[in-house]
Amino acid sequence: MLTRRATLLFGAVLAATPLMSMGAWAQDQGLISIIVTDPSNPYWFTEGEVAKATAEELGYEANVSAHKGDTNTESNLIDTAITNQAKAIILDPANADGSVGAVRKAVDAGIPVFLVNAEINQSGLATAQLVSNNAQGAALGAQQWVQAVGDEAKYVEFFGNPADNNAATRSNGYETVLSQYPGLEKVAEEVANWDRTQGYNKMQSIIQANPNIDAVISGNDEMALGAIAALKEANMLDDVIVGGFDGSPDAVEAIKAGEMAYSVLQPVAVFAEEAVRQADHYIKNGEPMVAEEKQLFDCVLITPDNVDQYTAPFVLEGMSN
């Protein structure tokens, strides 16, 4: 399935009238509930809106809600989906362990759950878990980072939300590559919870303690962009190389401006659409469309060399799943 379809769907979302956004496309096939983390982040916004547009294209009513990383809110949103007799739930889980109960509750109510972006630490509950290949993406990013930085540097790592398995997977992927270079010295590692403001504040503190850093490697773009803002403020950005992960629109602009060396693009527009298509198949056939519960979608690099091929949020020309 080409991401060109996801591109068109996302464009349709942005152009949709209020009437359409209220479900005018629905054809009485029932409700698909879509629960994301926080749509103020462009990654999760894209995830929710592409899933919603796909569901409406297939004839369902669809709504998007957000738990903002809170498992109690997530549980309440699952309750609402059950009360509303949703045909399926598309969920970006709040917590690898803490979301297991919410998923089980939906499954016990007879509603199939399709997880996107993040995993839970239990198999056999969700019909499918569709996620970026974070280990592959981290290795790809670390290799690009070394190419930009060289094999001797003092560097900082920004770590995402520890409750999300993706944070550790990416960090471990970085370590696997960077540990091969004895001249690379990690002088600080900070948890900034995928957040730009936390990245900015943590970077300010790091600069005070380590004013001679050469590079930053980040678990996502938002933390990297926060670090870039702090480095610019300290007049240090020209001497520090920063690498990100997500492929967000703001990261793309930073790459174009020469402020970010690269970003590892997660194909969220691909797997958000694919999750809904698999849900549609399950609703109509009573069995999974894909036999494997866990499905990995490879990441790709965005660099100054190909940044002009970025055609829509989280879509690079020629991508496919």
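How many of the 7 residues of strand E6 (residues 153-159) are buried? Select the strand and look: 6 of the 7 are buried, so E6 is largely enclosed by the rest of the structure. Keep in mind that you are viewing a predicted model.

**Stop 1: the partners of E6**

Keep E6 selected and add strand E7 (residues 184-191). The two strands run parallel, joined by 7 bridges. Now add strand E8 (residues 215-218). E8 also pairs with E6 in the parallel sense, over 4 bridges. Strands of a sheet pair through backbone hydrogen bonds, either parallel or antiparallel.

Pick out Val156. Its bridge partner in E8 is Val216. Move on to Phe158. Its bridge partner in E7 is Glu190, and its partner in E8 is Ser218.

**Stop 2: the sheet around E6**

Widen the selection to the whole sheet. This is an open sheet of 6 strands, in the order E7-E6-E8-E9-E10-E12, and the pairing is mixed. Look for the edges: E7 and strand E12 (300-302) each pair on one side only. On average, neighbouring strands here are turned by 20 degrees against each other, direction ignored.

Next, show helix H7 (residues 165-178). Together, E6, H7 and E7 make a right-handed β-α-β unit. H7 lies across E6, E7, E8 and strand E9 (241-246). The helix runs at about 165 degrees to E6.

**Stop 3: Phe158 and the core**

Return to Phe158 and show what surrounds its atoms. Setting aside neighbours within four places in sequence, its contacts include Glu190, Ala192, Met203, Ile206, Val216, Met223 and Ala227.

Which residues have the most contacts inside the largest nonpolar core? They are Ile90, Phe158, Met203, Val216 and Leu231, in a core of 58 residues. Helix H9 (residues 221-233) gives this core its largest share, 7 residues.

**Stop 4: Glu189, on an edge strand**

Select Glu189, in strand E7. Is Glu189 buried, exposed or partly exposed? Its relative accessibility is 39%, so it counts as partly exposed. Leaving out neighbours within four places in sequence, Glu189 is in contact with Glu157 and Phe159.

Now draw a distance from Glu189 to Lys294. They are 105 residues apart along the chain, and their C-alpha atoms are separated by 30 Å.

**Stop 5: another sheet**

Lys294 takes you to strand E11 (294-297), an edge strand of another sheet; the other edge is strand E2 (61-66). This open sheet has 6 strands in the order E2-E1-E3-E4-E5-E11, with parallel pairing. Its neighbouring strands are turned by 15 degrees against each other on average, direction ignored.

Zoom in on strand E4 (residues 113-116) and strand E5 (residues 128-132). They pair in the parallel sense over 3 bridges. Leu115 stands opposite Gln129 in E5.

Then show helix H11 (residues 268-285), which packs on this sheet. H11 touches strand E1 (31-36), strand E3 (88-91), E4, E5 and E11. Its direction makes about 170 degrees with that of E5.

**Stop 6: along H11**

Stay with H11. Of its 18 residues, 13 are buried, so the helix is largely enclosed by the rest of the structure.

Check its length in the viewer. At 1.5 Å a residue, the 18 residues should span 26 Å. The end C-alpha atoms are 25 Å apart, which agrees. Step just past the helix to Gly286, which takes a positive phi of about 75 degrees.

**Stop 7: two loop residues**

Most residues other than glycine have a negative phi. Here are two with a positive value.

Select Gln85, in the loop between helix H4 (71-83) and E3. Its phi is near 55 degrees, a positive value in a residue other than glycine. Gln85 has a relative accessible area of 62% and is exposed.

Finish at Asn117, in the loop between E4 and E5. Its phi is near 75 degrees, again positive in a residue other than glycine. Is Asn117 buried or exposed? Asn117 is buried, because its relative accessible area is 3%, and buried means under 20%. Show its surroundings. Not counting residues up to four places away in sequence, Asn117 touches Tyr43, Trp44, Glu47, Asp92, Leu130, Val131, Asn166, Gln266 and Phe271.

Notes: Residues numbered from 1 in each chain as written. Predicted model: local features only at pLDDT ≥ 70, side-chain atom pairs only at ≥ 80, totals over all residues. Heavy atoms only, no water. Buried < 20%, exposed > 50% of the residue type's maximum accessible area, 1.4 Å probe, protein only. Pairing = 2+ DSSP bridges. Right-handed = clockwise from strand over helix to strand, strands pointing away. Core = buried A, V, L, I, M, F, W, Y, C linked by side-chain atoms within 4.5 Å. Contact = heavy atoms within 4.5 Å. Axes fitted to C-alpha atoms, helices over the stretch in contact; angles between N-to-C directions. Expected span 1.5 Å × (residues − 1).
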